[in-house]
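Okay, thanks for squeezing me in. I'll put the sequence and the structure up, and then we'll walk through the parts I'd like everyone to look at.

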Amino acid sequence: MSIFKLSSFFLLSLFLLSDADAAIYKGQNIFIKKCIVCHKNGENFVAKHTKAEWEKLLRQDGKPLGALHLKTKKAKKSWKYFKSQKYRKKSKHLREFLVEYAKDSGKIPLF
Ligand code: HEC
């Protein structure tokens with residue numbers, strides 16, 4: 001296959017990604033950028049909780065997850081992020097990702 005064909009195939013598959021896939025992909029990027037620093041071993045970490053648990057932690061624009069970090073000094077480096085508008089706005093993507101690969105999903109994310 002020529003480079004040209006390959007790249008148009010790639011573009012086409014990007015185009016065909018559904019909104020849900022896009023959200024999961026964005027969520028994974030957030031996870032990589034914001035969570036792995038402290039929660040090493042990403043795929044096992046995601047599989048630590050069930051779908052229902054992740055849903056719960058990320059309801060109300062991620063409030064419970066934020067609160068959990070804001071109350072421990074050990075997570076101090078994450079406070080700025082968890083307090084930010086950006087976190088609240090994008091928490092839906094993070095939730096899509098975490099729920100997609102939860103303990104009871106039977107799926108493992110590729111990093
Ligand atoms: C600065 C470090 C830091 C960052 C960044 C951070 N965390 Fe945490 N997180 C902690 C600490 C410390 C705790 C308290 C529990 C502990 O001692 O492990 C915690 C607890 C948790 C818990 C509950 C306990 C558990 O292990 O299930 C979850 C879930 C969690 N974090 C998810 C996340 C997610 C998702 C992100 C990214 C949006 C994130 N954390 C970013 C430090 C961090």
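So, to kick off: which helix gives the largest share of the shell around the ligand? It's helix 5, and that share is three residues. Before I go on, keep in mind that this is a predicted model.

Let's stay with the ligand for a moment. There are 16 residues around the ligand, and the ones that come nearest are Cys35, Cys38, Lys74, Lys77 and Ser78. Helix 5 is joined by helix 2, residues 19-35, in supplying at least two residues each to that shell. If you sort the shell by class, you get eight nonpolar residues, four polar and four charged.

Okay, zooming out to the fold. The protein chain has seven helices and zero strands, so written out from the N terminus the elements go α-α-α-α-α-α-α. Of the 111 residues in the chain, 16% are buried. And if you take the contacts between residues at least 6 apart in sequence, 75% of them join residues that are at least 24 apart.

Now the helix packing. Two packed helices are described by the angle between their axes and the distance between the axes. Start with helix 2 against helix 7: the axes are 7 Å apart and the angle is about 95 degrees. Anything from 65 to 115 degrees counts as roughly perpendicular, and helix 2 and helix 7 are therefore roughly perpendicular to each other. Who's in that contact? On the helix 2 side you have Ala20, Ala23, Ile24, Lys26, Gly27, Gln28, Ile30 and Phe31. They meet Lys90, Lys92, His93, Leu94, Arg95, Glu96, Phe97, Leu98 and Glu100 in helix 7. By class, that contact of helix 2 with helix 7 has eight nonpolar, three polar and six charged residues.

If you want one residue to click on there, try Phe97. Leaving out anything up to four places away in sequence, Phe97 touches Ile24, Gly27, Gln28 and Phe31.

Next pair: helix 5, residues 59-70, with helix 7, residues 85-100. Their axes come within 7 Å and cross at roughly 95 degrees. Helix 5 and helix 7 are therefore roughly perpendicular to each other as well. In this contact, Asp61, Gly62 and Gly66 from helix 5 meet Tyr87, Arg88, Ser91 and Leu94 from helix 7. The split for helix 5 with helix 7 is two nonpolar, three polar and two charged.

Right, the core. Which residues make up the largest nonpolar core? There are 12: Ile24, Phe31, Val46, Trp54, Leu58, Leu65, Leu94, Phe97, Leu98, Val99, Tyr101 and Ala102. Helix 2 and helix 7 are the elements that give two or more residues to this core, and helix 7 gives the most, with four.

Have a look at Leu58 in that set. Leu58 lies in the loop between helix 4 and helix 5. Is Leu58 buried or exposed? Buried: there are 22 other C-beta atoms within 10 Å, and the cut-off for buried is 20 or more. Beyond four places in sequence, Leu58 touches Leu65, Ser91, Leu94, Arg95 and Leu98. Take Leu58 and Leu94: they're 36 residues apart in sequence, but C-alpha to C-alpha the distance is 8.2 Å.

His49 is another loop residue worth a stop; its place is between helix 3, residues 42-46, and helix 4, residues 51-57. His49 is partly exposed, with 17 other C-beta atoms within 10 Å. Apart from neighbours within four places in sequence, His49 is in contact with Trp54, Ala102 and Lys103. Tyr101 is 52 residues from His49 in sequence, and the two are 9.3 Å apart in space, C-alpha to C-alpha.

Last thing, a couple of backbone oddities. Asn41 isn't a glycine, but its phi is positive, near 60 degrees. Asn41 is found in the loop between helix 2 and helix 3, and it's exposed, with 11 other C-beta atoms within 10 Å. Then there's Asp61, also not a glycine, with a positive phi of about 55 degrees. Asp61 lies in helix 5, where it is one of the residues that meet helix 7. Asp61 is partly exposed, with 15 other C-beta atoms within 10 Å.

That's my tour; over to you.

Methods. Residues are numbered from 1 along each chain as its sequence is written. This is a predicted model: local features need pLDDT of at least 70, side-chain atom pairs count only at pLDDT 80 or more; totals for chains, interfaces and linings use all residues. Axes are lines fitted to C-alpha atoms, for helices over the stretch in contact, and angles run from 0 to 180 degrees between N-to-C directions. Angles under 35 degrees count as roughly parallel, over 145 as roughly antiparallel, 65 to 115 as roughly perpendicular and the rest as oblique. Two residues are in contact if their C-beta atoms, placed from the backbone, lie within 7 Å. Ala, Val, Leu, Ile, Met, Phe, Trp, Tyr, Cys and Pro count as nonpolar, Asp, Glu, Lys and Arg as charged, and the others, Gly among them, as polar. A residue is near a molecule or strand if its C-beta atom, placed from the backbone, lies within 6 Å of it. A nonpolar core is a set of buried Ala, Val, Leu, Ile, Met, Phe, Trp, Tyr and Cys residues joined through C-beta atoms within 7 Å.
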